[in-house]
Amino acid sequence: MKITIIGTGYVGLVTGTCFAEGGHEVTCVDSDVNKIKVLQQGGMPIYEPGLPELVKKNVAAGRLFFTSNTQEGVERSDFIFIAVSTPPQPDGSLDLSFVEKVSRDIASAMTSYKIILDKSTVPVRTGEKVAETIGRFSKGKVDFDVVSNPEFLREGSAIEDFMKPDRVVVGVSSPRPVEALKALYAPFDAPVIVTSIESAELIKHAANSFLALKISYINAVSVLCEATGANVQEVAHGMGMDPRIGRKFLDASLGFGGSCFPKDLSAFIATSEMLGYEFGLLKEVQKINLGQMDRFVKKITDTLWVVRDKTIGVLGLAFKQDTDDVRNSPAIDLCKRLQRAGARLRVHDPQAMEKAGAILKDVDYVADMNEVAEGCDALVIATEWPEFKKLDLDRARRCLSHPIIFDGRNLFDPVEMERLGFLYKGIGR
Ligand code: NAD
């Protein structure tokens, strides 16, 4: 089948590459000419494990193409995906101008029947608007179907998530495209759930908001653990053994971030408000998340007493492990707060230092994680990269002016850390 993906970012590039791997012929389009040039020359604009190999393989097999020409992309294919960004606005609602622009571009390039799938995360009723816009701007009044096809992949395990999804959700307004959609996803052996467009749009926002809620729930419980001497990991383990609850997303931390959870949560709250419902539960989820960062910073400032002119080492800049994505990263937020308090920073991330460089200035970027602690007054762990567990703790203890570690991701065992001579402060333990 012939597929075009408009928007070749974290979602679009993975989607396109995986469809090509599934045997389809895929054209990835992006308005960012440099990004397309990098891809055409065999480079990779993002870090995602396994992606470079898969792109290379499918380009060589003649199933994966890159262009910055939307018209060419639309003409080539029967399925057109919209995978552009939907960034947040100051009031929490989403900026849908990229989705609108692409809808108009598709409309003016269409000369035959197309199935247009929205993969960008959008508020409920966007599908209706996309269909209206395409109908309005399609020159020859060409026939088409609009489908809501939300994406659930996680950066860091995006390929596995796309190739073996728990479910594929397709929201349609008529049965016409359903068989074609099932054939499109046939290579992936996943249940295809057919819903209305509105339900599909709601599934994405409701699912991500629920996951954020789960994180905030355990973070709130972590506060009680700290107040009582309980251990949040033991509590999470005991709760998570109940299959109705499950252990996933019950890891206490300095809070969630990234380009999806905070944005999706705010957008869901804003959409609810527009529909006349005040989603107070989700506002509390946001509040807990902010409070978790406040408490972590307070833990650092209380322990160091005076932060001004202290040097602090920070391990982790990406919003989570296995990605170079620093959009809305709690680690970057933490660094900025420490800078505002007058601290000097030495920072390291296995993949995200280049992207962090654009938004986090006046810090020392350190190439080797074991050198970060040199000359520091404390070490902070801000991202749960598994390699940080292999930190040379003996060396860190010797380098620090006093061996203090603040672990915002609970990577280490508090008892063991104390035995090694550290003043160790995690979350909820
Ligand atoms: P991204 O910023 O990495 O990629 C978006 C791409 O769209 C960019 O390369 C941009 O240049 C391109 N673009 C913008 N306007 C364009 C236009 N008019 N024509 C062609 N290309 C255009 O964003 P992303 O992380 O891939 O997210 C895309 C959407 O998917 C968002 O709605 C996001 O909420 C959703 N989503 C993201 C994830 C994730 O983990 N990143 C997961 C699920 C859903």
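Which element do the buried residues of α10 pack against? They pack against α9. Let me start there and work outward. One caution before that: this is a predicted model.

So, helix α10. The helix covers residues 232–240. Four of its residues are buried: Val232, Ala236, Met239 and Gly240. Where do they sit around the axis? They cover an arc of only 90 degrees, which puts them on the same side of α10. There is a general rule behind patterns like this. An α-helix has 3.6 residues a turn, so residues three or four places apart point the same way. Now look at the face turned away from the buried side of α10. That face carries the exposed residues Glu234 and Gly238. And the buried residues, once more, pack against α9.

The N-terminal end of α10 has a cap. The capping residue is Asn231. One of the side-chain oxygens of Asn231 lies 2.8 Å from the backbone nitrogen of Gln233.

Next, the loop that runs between α10 and α11. Ser259 lies in that loop. Is Ser259 buried or exposed? Its relative accessibility is 15%, and the cut-off for buried is under 20%, so Ser259 counts as buried. What does Ser259 touch, leaving aside its neighbours within four places in sequence? The contacts are Glu155, Asp325 and Arg327. With Arg327 there is also a polar contact between the side chains, at 3.5 Å.

Now the empty spaces. Rolling a probe the size of a water molecule over the atoms shows where empty space is left. How many cavities of 30 Å³ or more does the structure hold? Two.

Take the largest cavity. Its volume is about 50 Å³. Two elements, α9 and α12, each give two or more residues to the lining. In sequence, α9 spans 197–228 and α12 spans 280–304. The largest share comes from α12, with four residues. The lining residues are Ser222, Val223, Glu226, Gln292, Arg295, Phe296, Lys299 and Ile427. By class, that makes three nonpolar, two polar and three charged. Note that α9 turns up again here. We met α9 as the packing partner of α10.

The second largest cavity has a volume of about 30 Å³. Its lining includes Asp118, Ser120, Thr121 and Val122. Ser148, Asn149 and Pro150 are also among the lining residues, as are Glu201 and Lys204. The classes are two nonpolar, four polar and three charged.

Stay with Ser120 for a moment. Ser120 is found in the loop between β5 and α6. At 6% relative accessibility, Ser120 counts as buried. Which residues does Ser120 touch, not counting those up to four places away in sequence? They are Ile82, Ala83, Val84, Thr86 and Val99.

From cavities to a pocket. The second largest pocket has a volume of about 480 Å³. It is lined by 23 residues, and the closest to its centre are Leu96, Pro123, Arg125, Thr126 and Lys129. The elements giving two or more residues to this lining are α5, α6 and α11. Which of them gives the most? That is α6, with eight residues. The lining divides into 11 nonpolar, six polar and six charged residues.

Two loop residues deserve a look for their backbone. Phi of Lys141 is near 50 degrees, a positive value in a residue other than glycine. Lys141 lies in the loop between α6 and β6. At 58% relative accessibility, Lys141 counts as exposed. Asn328 is the other one. Asn328 is not a glycine, yet its phi is positive, at about 55 degrees. Its place is in the loop between β9 and α13. Asn328 is exposed too, with a relative accessible area of 52%.

Last, a sense of distance. Thr111 is found in the loop between α5 and β5. At 62% relative accessibility, Thr111 counts as exposed. How far apart in space are Thr111 and His237? They are 56 Å apart, C-alpha to C-alpha, and 126 residues apart in sequence.

To close, keep three pictures in mind. Helix α10 has its buried residues packed against α9. The largest cavity takes lining residues from α9 and α12. And α6 gives the most to the lining of the second largest pocket.

Note on methods: Residues numbered from 1 in each chain as written. Predicted model: local features only at pLDDT ≥ 70, side-chain atom pairs only at ≥ 80, totals over all residues. Heavy atoms only, no water. Buried < 20%, exposed > 50% of the residue type's maximum accessible area, 1.4 Å probe, protein only. 1 Å grid on protein atoms, 1.4 Å probe; cavity = no way out; pocket = protein on both sides within 12 Å on 5 of 7 lines; lining within 4 Å. Points joined across faces, edges and corners; volume = space filled by probe spheres on them. Nonpolar A, V, L, I, M, F, W, Y, C, P; charged D, E, K, R; others polar. Arc of directions from axis to C-beta. Contact = heavy atoms within 4.5 Å. Polar contact = N/O pair within 3.5 Å; in protein donor to acceptor, adjacent residues only side chain to side chain.
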